[in-house]
Amino acid sequence: MKKRIGVLLSGRGSNFDALAEGAASGLIPNAEIAIVISNREGAPGIEKAQSRRIETCVIPSRGLEREAYDKLVIAALQEKRVDLVCLAGYMRLLSPAFVRAFPNRILNIHPSLLPAFPGLEAQRQALEHGAKFSGCTVHFVDENLDAGPIILQATVPIEDSDTPETLSARILREEHRIYAEAVSIVLAGRYRIEGRRVLTSLEKK
Ligand code: GRF
């Protein structure tokens, strides 16, 4: 049976699209996106999912406490029997209850080489700091912001002429590539976690 992925997003959805394309093309073997959930109405990522005929669900967060909101999202993911949750530009911190509901089964993509530059506008942070390289990170999600064990990273050079926009575009290409690769590794169980280290192997279990 195909492994079922649930994607959470709040905006553009290009990482969702890369995962959907990866699953459709077999780059991510034996997997499908079972549902795309957004906390924001009108998120372009929802339209992208609809045009791929993938089930979508908007759960607005306004007025709800974090735990109460997360319960709704957990229920929607469980109803779809998802094996893996992928955050793809999802602009909310997960509650501990959410993390416990999917132990080592939630991934995030972040546009910097963590632990450098967590949080918002990571590409601008790297540029303004004067870093010569930045990149992106796929990591397991815990209750802390951009903090869980790192699965894959890719580096991207920072050019003198870069703006946050040009750097973001260069990083984004790498995001799409390593997110699909990391999802393949995790779904195939080709990794083990030792402390904070995620050790990946080429052979399938
Ligand atoms: C990406 O840069 C991702 O790393 C960050 O939010 C952005 C989402 O972009 N977490 P998109 O919605 O996937 O196009």
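The ligand in this predicted model lies between two domains, because domain 1 (1–103) and domain 2 (108–205) both give residues to the shell around it. The ligand also sits in the largest pocket.

Which residues make up this shell? Around the ligand are Arg12, Gly13, Ser14 and Asn15, then Gly89, then Ile109, His110 and Pro111, and finally Glu175. By character, the shell divides into 2 nonpolar, 5 polar and 2 charged residues. Two elements of secondary structure each supply at least two residues of the shell: helix H1 (14–25) and strand E5 (106–110).

Some of these residues can be followed down to single atom pairs. At Gly13, a backbone N or O atom lies 2.7 Å from an oxygen atom of the ligand. At Glu175 the side chain is involved instead of the backbone: one of its N or O atoms is 2.7 Å from an oxygen atom of the ligand. At Ile109, a backbone N or O atom lies 3.0 Å from a ligand atom, in this case a nitrogen. How much of the ligand does the protein bury? Taken alone, the ligand exposes 360 Å², and the protein buries 85% of that.

Two features of the backbone remain to be pointed out, both in loops. Most peptide bonds are trans, and most residues other than glycine have a negative phi. The peptide bond from Leu114 to Pro115 is cis, with omega near 10°. Pro115 belongs to the loop between E5 and helix H5 (122–129), and E5 is one of the elements that supply the ligand shell. The other feature is at Arg81, a residue other than glycine whose phi is positive, near 50°. Arg81 is found in the loop that runs between helix H3 (66–79) and strand E4 (84–87).

Conventions. Residues are numbered from 1 along each chain as its sequence is written. This is a predicted model: local features need pLDDT of at least 70, side-chain atom pairs count only at pLDDT 80 or more; totals for chains, interfaces and linings use all residues. Side-chain values use heavy atoms; hydrogens and water are left out. A residue is near a molecule or strand if one of its heavy atoms lies within 4 Å of it. A polar contact is a pair of N or O atoms within 3.5 Å; within protein, one must be able to donate a hydrogen and the other to accept it, and residues adjacent in sequence count only if both atoms are side-chain atoms. Accessible areas come from the Shrake-Rupley method with a 1.4 Å probe; for residues, only the protein chains shown count as cover. On a 1 Å grid over the protein atoms alone, a cavity is a set of points where a 1.4 Å probe fits but cannot get out, and a pocket is an open set with protein on both sides within 12 Å along at least five of seven lines; lining residues have an atom within 4 Å of a point. A molecule sits in a cavity or pocket if more than half of its atoms lie within 2 Å of its grid points. Helices (H or I, at least four residues) and strands (E, at least two) are DSSP runs, numbered from the N terminus. Ala, Val, Leu, Ile, Met, Phe, Trp, Tyr, Cys and Pro count as nonpolar, Asp, Glu, Lys and Arg as charged, and the others, Gly among them, as polar. Domain bounds come from an automatic or database domain assignment.
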